[in-house]
Amino acid sequence: HQRAIGGARKPSLSAQAAAAHPWKGGDALWCGVESGKIAIYGLFFDSTDGDDFQAHNGPVSWVQAMPNGKVWSAGSHDRQLRVWDVATRRLTAKRTMGHAATQICDVSLQKRVWTASSGEKCVRVWEYDGRDYKLKYGATGYNASNVIKLPSDVVLQMRHHPQSKSVWVCIWGRILIMAARAGDSPGTAQ
C-alpha cells in the first residue's frame, strides 16, 4: 500500500532484515530490503519516517544495531559487510567477504561483532568499527587472522549471552557454546 511521507507518497517496503536503534531524534527501525536499500522508519511521532538509501547491490540479508551508534548490514549478492553511522547515515567501513554473511551478532561484552556466512565453516570476529580483530589463535587454512573454525557451514542462529560470557552458535544438529573471549583459546569450535 501507499503512505504519505513529507507530502510524497512512497510504497511500503517488505523487509528482509530489521534492527531497532536508538538515536538522538528518537528510536528508529532500520530495515534491509530486497532491492538492496535500507529503509529507516521512526518509531515515534516526532521523528523522521520512511527515509531510505541504497546500501548494497542486491538483497540486504542482515541488519544489526550496535550500542556504539553504528548499524552493520550484510548484502547477499555483493558479499559485503558495511558499517553505518546512525546519526549521519553515512558508510564508515566496508569489508568484502568470500561468502555472504548470514548472521551478525553483537558481542557487547568484548565490543566486537561476530559474523557467519553460508559456505564457510567459520565465524569471523571484528572490532565495532569494522576492522579485523586479531585472534590470538587464528584458524589455520584461512587467509585472515579473525577466523574461528566451525564443524558446519550452516549457522542457523548466533546469540551473545553476557551473563555466561559466551556466544551460543546454533548449527545443524547441535548448539556450540563458545567463550566470548574467542581469541584466548585456539580458533576451532568443537
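**View 1. Strands β16 and β17 meet in an antiparallel pair.** Our first close-up shows β16 joined to strand β17 (residues 174–179) by 6 bridges, with the two strands running antiparallel. Strands here, like helices, are DSSP runs numbered from the N terminus (E, at least two residues, for strands; H or I, at least four, for helices), and two strands pair if DSSP finds at least two bridges between them. The model is a predicted one, in which local features need pLDDT of at least 70 and side-chain atom pairs count only at pLDDT 80 or more, while totals for chains, interfaces and linings use all residues. Residues are numbered from 1 along each chain as its sequence is written, and side-chain values use heavy atoms, with hydrogens and water left out. Look for S166, whose bridge partner in β17 is A179. At the turn, 2 residues lie between the strands of this hairpin, and G173 takes a positive phi near 85 degrees.

**View 2. Strand β16 also pairs with β15.** On this side, strand β15 (residues 155–161) and strand β16 (residues 166–171) are antiparallel and share 6 bridges. Two of the bridge pairs are easy to pick out: H161 is matched with S166 of β16, and V155 is matched with I171 of β16. S166 is worth a second look, as A179 is its bridge partner in β17. The hairpin of β15 and β16 has 4 residues between the strands, and there K165 adopts a positive phi near 55 degrees.

**View 3. A nonpolar patch sits on the surface.** W168, I175 and I177 make up this patch, and together they have about 320 Å² of accessible area. Patches are built from residues with over 30% relative accessible area and no salt bridge, joining nonpolar side chains (Val, Leu, Ile, Met, Phe, Trp, Tyr) within 5 Å and like charges within 9 Å. A salt bridge is a side-chain nitrogen of Lys or Arg within 4 Å of a carboxyl oxygen of Asp or Glu. Areas come from the Shrake-Rupley method with a 1.4 Å probe, and for residues only the protein chains shown count as cover. Within the patch, I177 belongs to strand β17. I177 counts as exposed because its relative accessible area is 55%; the classes are buried under 20%, exposed over 50% and partly exposed in between (1.4 Å probe, protein chains only).

**View 4. Strand β13 is mostly covered.** In strand β13 (residues 122–127), 6 of its 6 residues are buried. C122, R124 and W126 point one way from the strand, V123, V125 and E127 point the other way, and all are buried. Strand β12 (residues 112–117) pairs with β13 in the antiparallel sense over 5 bridges, and W114 has V125 as its bridge partner in β13. Their hairpin has 4 residues between the strands, with G119 at a positive phi near 95 degrees. Strand β14 (residues 147–149) runs antiparallel to β13 and is joined to it by 3 bridges; here C122 is partnered by K149 of β14.

**View 5. Two cysteines are seen in their buried settings.** C122 counts as buried because its relative accessibility is 1%. C31 is also buried, so classed because its relative accessibility is 7%. A disulfide is a covalent bond between the sulfur atoms of two cysteines. With a pair of cysteine sulfur atoms within 2.5 Å as the criterion, a search of the whole structure finds 0 disulfides.

**View 6. E34 and K70 are each shown with a residue from elsewhere in the chain.** E34 lies in the loop between β4 (26–33) and β5 (37–42), and is partly exposed because its relative accessible area is 49%. Its C-alpha atom is 6.6 Å from that of G58, which is 24 residues away along the chain. K70 has its place in strand β8 (residues 70–75) and counts as buried because its relative accessibility is 16%. The C-alpha atoms of K70 and R89, 19 residues apart along the chain, are separated by 9.1 Å.

**View 7. The whole protein gives the setting for the close-ups.** The protein has 17 strands and 0 helices. Of its 190 residues, 48% are buried. The accessible surface comes to about 9700 Å², and 52% of it belongs to carbon and sulfur atoms.
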